[in-house]
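Colleague: Could you take me through one part of this model up close? I'd like to see how a single piece sits in the whole.

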Amino acid sequence: MQNSWMFLGIESLIVAVLLLGWYFGARRLNFNIHHLVVYTVILAHALVVFFWMIPTAQEISNWVFSNPIGNLRLVLHFGIGMVADILSIALAVLFIFRRDMPLSILRRARPVMITTLTLWVIAYGLGVVNLLLRYL
Amino acid sequence: MQGQLGEESELNAVFLYMGILDAYEAVGVELIGPDVLEEHVLPRMTYYVREFLPEIFSERADSEELTTELRRFLTEFRARVEDAREKGVAGAMTMEEIWELRAAIFGFESVFINILGDSAIKNYVLIRMADILSAYLPESLLDPQIPLKTKLESYAKYIQDNKFVGFARVSFGDDEISVAANRCEFSRIHDSEAYRNLDVRFCPWGMIASAIVAAHEGKETNLESSLFTTKGSVSKIKAK
């Protein structure tokens with residue numbers, strides 16, 4: 001239980017930094033900030049996912065999928081979170097190889113970025129709700 | 001697009017673009033020849049009008065007819081701009097005409113890049129633009145007593161206040177100045193093939209900022225190709 005609150009704190013910090021990076025980096029076209037924030041956040045979140053979320057998910061998966069409708073919030077949290085993670089890693093890898101950020105790629109990547117950010121925030125929100133409902 | 005800019009903003013946009021166009025034309029005539037407009041720019045301008053205003057171009061079946069119309073537009077437009085300056089009102093100028101003006105600018109840019117190389121823009125056009133824009137920009141942006149940082153920040157505020165862009169910022173590094181403009185009123189043309197193919201390299205807002213730096217420092221500036229995003233651009237300027 002203590003771990004859950006600790007990782008909630010870490011993920012809350014990650015989301016806050018991500019949103020600040022979006023505002024000060026993307027909207028203000030400061031790509032140095034944007035890239036620093038995005039790569040840091042993806043790395044930090046990947047560590048949380050690999051060392052806590054996945055093991056936790058493995059522990060509770062039988063219980064969750066024994067009643068997927070009843071545990072819909074958890075199922076959605078896992079599913080949406082996984083999609084957001086995959087998209088974010090794909091974008092990060094893409095722009096490691098295309099640091100020049102040509103407009104032809106940016107045009108197609110921008111909707112994906114917005115979708116990724118939205119899904120990330122939704123998954124985070126579902127995680128908060130799940131935790132609060134479980135322990136409060 | 002029409003009506004999204006106020007009348008004064010339209011007038012200011014026209015003046016700034018005329019400054020850029022005048023600089024291109026002056027250098028183009030010097031370096032390429034007196035027929036640069038007719039022989040080189042107009043055909044390209046037709047292409048850009050087709051790219052930037054597809055909904056309007058589709059009404060004109062004949063490309064030659066469009067070329068004739070654009071030729072007349074350029075001839076008459078200068079007189080209309082001078083008239084607008086005297087009266088202080090944009091008058092009957094429409095957003096379509098402002099787009100056509102931009103098409104002329106990009107026509108020149110394409111000519112310079114293809115015939116002379118983009119260094120001609122950096123080495124000649126921007127310097128000439130610094131002189132010409134003195135007639136179009138607010139005095140505060142050209143006063144040698146005012147620090148460069150203040151001027152450029154005022155310029156960023158100027159293009160924001162005139163609603164040419166939703167956001168503009170200037171950042172000062174060790175050896176370069178970064179000028180970013182986002183949510184540009186004209187950014188929909190970034191969807192055109194001309195931008196995707198990098199036929200267009202310099203954002204006009206970056207060019208004007210570079211001209212301000214050149215005018216202040218009294219020496220050549222080096223404007224790297226602008227990085228275009230879907231709604232804006234980032235231009236890096238280095239003083240030589």
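Modeller: Sure, let's pick α4(A), and keep in mind that this is a predicted model. The helix α4(A) has 33 residues, and from its first C-alpha to its last it reaches 47 Å, close to the 48 Å expected at 1.5 Å a residue. Still, there is a kink in α4(A): about 35°, at A:Ala109, shortly before the proline A:Pro111.

Now look at what is tucked away. The buried residues of α4(A) are A:Thr116, A:Leu117, A:Leu119, A:Trp120, A:Ala123, A:Tyr124, A:Leu126 and A:Gly127. For the chain as a whole, buried residues make up 20% of the 136 residues in chain A. One of those from the helix, A:Trp120, turns up in a separate core of 13 residues, which also includes A:Val15, A:Val37 and A:Ile80.

Zoom out a bit. Chain A has four helices and zero strands, so to speak an α-α-α-α pattern when you read along the sequence. Its C-alpha atoms fill a box of roughly 45 × 25 × 20 Å, taken along the principal axes. Among contacts in chain A with a separation of 6 or more, 65% join residues 24 or more positions apart.

Finally, the neighbour. Where the chains meet, chain A puts in nine residues and chain B 13 residues. Helix α4 of chain A, residues 103–135, gives the most to the chain A side, with five residues. By class, that side of chain A has four nonpolar, one polar and four charged residues.

How values were computed
Residues are numbered from 1 along each chain as its sequence is written. Chains are lettered from A and ligands numbered from 1 in the order in which they are written. This is a predicted model: local features need pLDDT of at least 70, side-chain atom pairs count only at pLDDT 80 or more; totals for chains, interfaces and linings use all residues. Two residues are in contact if their C-beta atoms, placed from the backbone, lie within 7 Å. Helices (H or I, at least four residues) and strands (E, at least two) are DSSP runs, numbered from the N terminus. Ala, Val, Leu, Ile, Met, Phe, Trp, Tyr, Cys and Pro count as nonpolar, Asp, Glu, Lys and Arg as charged, and the others, Gly among them, as polar. A nonpolar core is a set of buried Ala, Val, Leu, Ile, Met, Phe, Trp, Tyr and Cys residues joined through C-beta atoms within 7 Å. A residue is buried if 20 or more other C-beta atoms lie within 10 Å of its own, exposed if 12 or fewer, and partly exposed in between; C-beta atoms are placed from the backbone. The expected span of a helix is 1.5 Å times one less than its number of residues. The bend at a residue is the angle between axes fitted to the seven residues ending there and the seven starting there.
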